[in-house]
2 protein chains.
Amino acid sequence: MSLEGNALIAQSGGPTVVINASLIGAVDAAREHSEIHEIFGAVHGMDGILHENLIALLSEDPALLQGIRYTPSAALGTSRLKPKPADLERALEVFKAHNIRYFFYIGGNDSQLSCHLVSELALQSDWEMKIIGIPKTIDNDLPITDNCPGFASAARLAGSATQFVAKDAEAFGEAEVIEIMGRHAGWVTGATQVGRLEDRDAPHLVYLPEVPVDPNEFVEDCKIAYDKYGYLVVAVSEGFAFAEADRVKSSEKLDEFGHARLSGVAEALAGVVEEAIGKRCRHDRLGNLHRCFSYAASAVDLDEAYAVGQNAVARACAGETNQMVTITRLADDPFQFRCDATPLLSVANLERCVPREWINERGNGVTAEFIQYAKPLMRGTGECMPEVLPHYPRLQQFPVGAKLPPYVRAK
Amino acid sequence: MSLEGNALIAQSGGPTVVINASLIGAVDAAREHSEIHEIFGAVHGMDGILHENLIALLSEDPALLQGIRYTPSAALGTSRLKPKPADLERALEVFKAHNIRYFFYIGGNDSQLSCHLVSELALQSDWEMKIIGIPKTIDNDLPITDNCPGFASAARLAGSATQFVAKDAEAFGEAEVIEIMGRHAGWVTGATQVGRLEDRDAPHLVYLPEVPVDPNEFVEDCKIAYDKYGYLVVAVSEGFAFAEADRVKSSEKLDEFGHARLSGVAEALAGVVEEAIGKRCRHDRLGNLHRCFSYAASAVDLDEAYAVGQNAVARACAGETNQMVTITRLADDPFQFRCDATPLLSVANLERCVPREWINERGNGVTAEFIQYAKPLMRGTGECMPEVLPHYPRLQQFPVGAKLPPYVRAK
């Protein structure tokens, strides 16, 4: 006999370009299941649950909901609140008060742990409910799933921006360091190299937080690349670290999950590069753009995010609980996938970093296996977007030839 | 009788998303004039002229040139070299050696001055040539012309990014400071407010370098806006200054034109905002993305840039010299324009800032006149791009209503 009652959905942690597609996928699916009477949204994630700040999603204008599907960032509002035991008990009280029998939590590692803890507590107190986690993180660091919704769009933003600033660096014949989000996992940073179709294309050097970097090798590699290509683009994760040195930190502030807020790695490294090559080195930090820059949305990502939202509801209504939906890759080109599931505890609070063998030996680039993994995910949306990353022609440059003696500028 | 000989074209200063459209506009036009035998490109601007690093543009594959038209940043390479008198003499020698009778220089204020000086020198030494400046600057600070090619695309990037990070700030119910290029002129920063269709839309506060800001008013306005909208987005020019304080500088380095390299205003202000509202304030700096992020290209900008390139050649071949092409606005919606011209000296090294009356009295926003000026320029390209800036729906948020006593979280 099916479990009758209301459903609750919440968004947690950093938003992404596609997290609302998961929300609407779940709402659309919930509409099709008569055992789900109402589907409530928690305003600002766990915070909205604790303070009963809930809204009735089936009352929303359906056309507006379809617009929300393509709206970046979290339309319900999000929160980084990490629930303490008393909070979890309160959450369960709220579930009981509103006859919540289905709970869907869209989030990353930390959120899936909260989801698991709520699930355990419901079991202990004999409140029958079905709890399914919906994966979301630009960092792509959840284990088991092939990839995480949110990642591919962040990768397309970082990869596209790297191509763009590279044209700027090439125009000046100078250097650029671009800083990509990722404290411990370098998936997004590595994906910028999908745009490097020829040797002289950027990014020439790519540093993931998985591999500490020898400062002497860094300087040497910058010189070699600059001399070879006449410009230099270096992509680094915010978690960049020189070997045997502390991670570069511009701020000791911690976020609400206790993570250090890192910033300013590109600015620091630009100085090192300038000294190495004797040319100006610009720096850019893509920061929060990774989470919201929807011009760079991935079509695969939008599809995946909607599908995991739908699949979570289907699983809960089929009686599954304490699981997170996962993506299983079926084909690379064009990318095809299936939704599976894994126990929450198998992903909660775990981090999947880029395997060492997908990073080259020198630690300054990714391998063909990495490109093969990432590229199919990064397909653009619509006809006026590049199929994967933008790639522009260069002039062939037929030299005219000098007619005068060489010129030496007066100092 | 028409002047027979070769033409030379060069790109100067900071690149833009559309500067190559001007290059190709000039090349396409030069092809149609038999008095122009060859059209050479200077590699890396003035640097390429001085060192005779010239390439033959008519030898390039025409299909590739059409691709270059839509390629961001300067395909010939650019340079910030500010020529000294000896350099100008050398330039003239190079012109004579290569029978350059037509010179087209795509650049901003500084470059138009160089262009004028070369023109004067040619006159003095009886080398007949026609010199036309082609306007280019994201800063939009050239006088006389309605707007500068490069501006509208930078404005679309800044305006779009502001809408995107605003969704992120709104999702958290927190604050964001976004830093926009512009040392002395706030055109690009002001244009971010084109995206504010409703009061609660971002950016709520906009600070242009034209108006020094009272720190107490800044804090007060942040509090008022945050309390009213539940989130806060502040857009600031990199040249932001508090009244009676030095401009915020994170670096005393100067660029090759002697301008200070400013950075880090958003980071500094985010601290002030956090203290004012007692909530986390994120910060982003769009930096070099303004010059190259072609996903945000303006269709008007691409058209204008191509047209001023073509028009420069037409004017030179009609015997005009020592002029810069200008844009005259004919209609707002859809935007229509005509190319005119003005003496180089009327624009050389001058800066047109945003008129005080286009900034509100409090100095924290732009007026309807500013919006009416900027909005028609910011039309997107292609059907999958928003017509002007992106604007996303919000959930209507029908409250479910609390059933439990209010919750107070344990510290």
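This briefing walks through the contact between chains A and B, the salt bridges, and one buried helix of chain B. Keep in mind that the model is predicted. Chains A and B bury about 7900 Å² between them, and four salt bridges run between the two chains. Over all chains, the structure holds 36 salt bridges.

**Where the chains meet**

- On each side the tally is 103: that many residues of chain A are in contact with 103 residues of chain B.
- Of the roughly 7900 Å² buried between the two chains, 59% sits on carbon and sulfur atoms.
- Three residues stand out on the chain A side: A:Y295, A:L395 and A:Y407 supply 11% of the area that chain A buries against chain B, more than any other three residues.
- There are also 42 residue pairs in polar contact between chain A and chain B, counting pairs with both residues at pLDDT 80 or more.
- Several elements of chain A each put at least two residues into the side that touches chain B, among them β3 (54-56), α4 (85-97), α6 (151-172) and α9 (265-277).
- The biggest giver is α6(A), with 11 residues on the side of chain A that touches chain B.
- Sorted by type, the residues on that side of chain A come to 50 nonpolar, 23 polar and 30 charged.

**Salt bridges across the two chains**

- As background, side chains of opposite charge can pair when their charged atoms come close.
- B:D168 and A:R291 meet in a salt bridge through their side chains, at 2.7 Å from N to O.
- That pair crosses between chains, with B:D168 in helix α6 (residues 151-172) of chain B and A:R291 in the loop between β9 and α10 (299-317) of chain A.
- B:D168 is buried, with a relative accessible area of 1%, and A:R291 is buried too, at 6%.
- B:D87 forms a salt bridge with A:R409, where the closest N and O atoms are 2.6 Å apart.
- B:D87 sits in helix α4 (residues 85-97) of chain B and A:R409 in the segment after α11 (368-374) of chain A, so this pair joins two chains.
- The partners of this pair fall into separate classes: B:D87 counts as buried at 2% relative accessibility, while A:R409 counts as partly exposed at 27%.
- With the chains swapped, the side chains of B:R409 and A:D87 meet in a salt bridge as well, at 2.6 Å from N to O.

**Salt bridges within chain A**

- The side chains of A:R315 and A:E320 meet in a salt bridge at 3.1 Å, N to O.
- A:R315 counts as buried at 14% relative accessibility, because the cut-off for buried is under 20%.
- A:E320, at 26%, counts as partly exposed.
- A:K167, A:E170, A:D201 and A:R394 are joined into one network by salt bridges that share partners.

**A covered helix in chain B**

- Helix α1 (residues 19-31) of chain B has 13 residues, and at 1.5 Å a residue they should span 18 Å; the end C-alpha atoms are 19 Å apart, which agrees.
- Most of α1(B) is covered, with 12 of its 13 residues buried.
- The buried residues include B:I19, B:L23, B:I24, B:V27 and B:D28.
- What covers the buried residues of α1(B) includes the strands β1 (5-11), β2 (36-42), β4 (100-107) and β5 (130-135) of chain B, along with the helices α3 (62-69) and α10 (299-317) of that chain.

Terms used. Residues numbered from 1 in each chain as written. Chains lettered and ligands numbered in written order. Predicted model: local features only at pLDDT ≥ 70, side-chain atom pairs only at ≥ 80, totals over all residues. Heavy atoms only, no water. Helix = DSSP H or I, 4+ residues; strand = E, 2+ residues; numbered from the N terminus. Expected span 1.5 Å × (residues − 1). Buried < 20%, exposed > 50% of the residue type's maximum accessible area, 1.4 Å probe, protein only. Contact = heavy atoms within 4.5 Å. Buried area = accessible area lost by both parts, 1.4 Å probe. Polar contact = N/O pair within 3.5 Å; in protein donor to acceptor, adjacent residues only side chain to side chain. Nonpolar A, V, L, I, M, F, W, Y, C, P; charged D, E, K, R; others polar.
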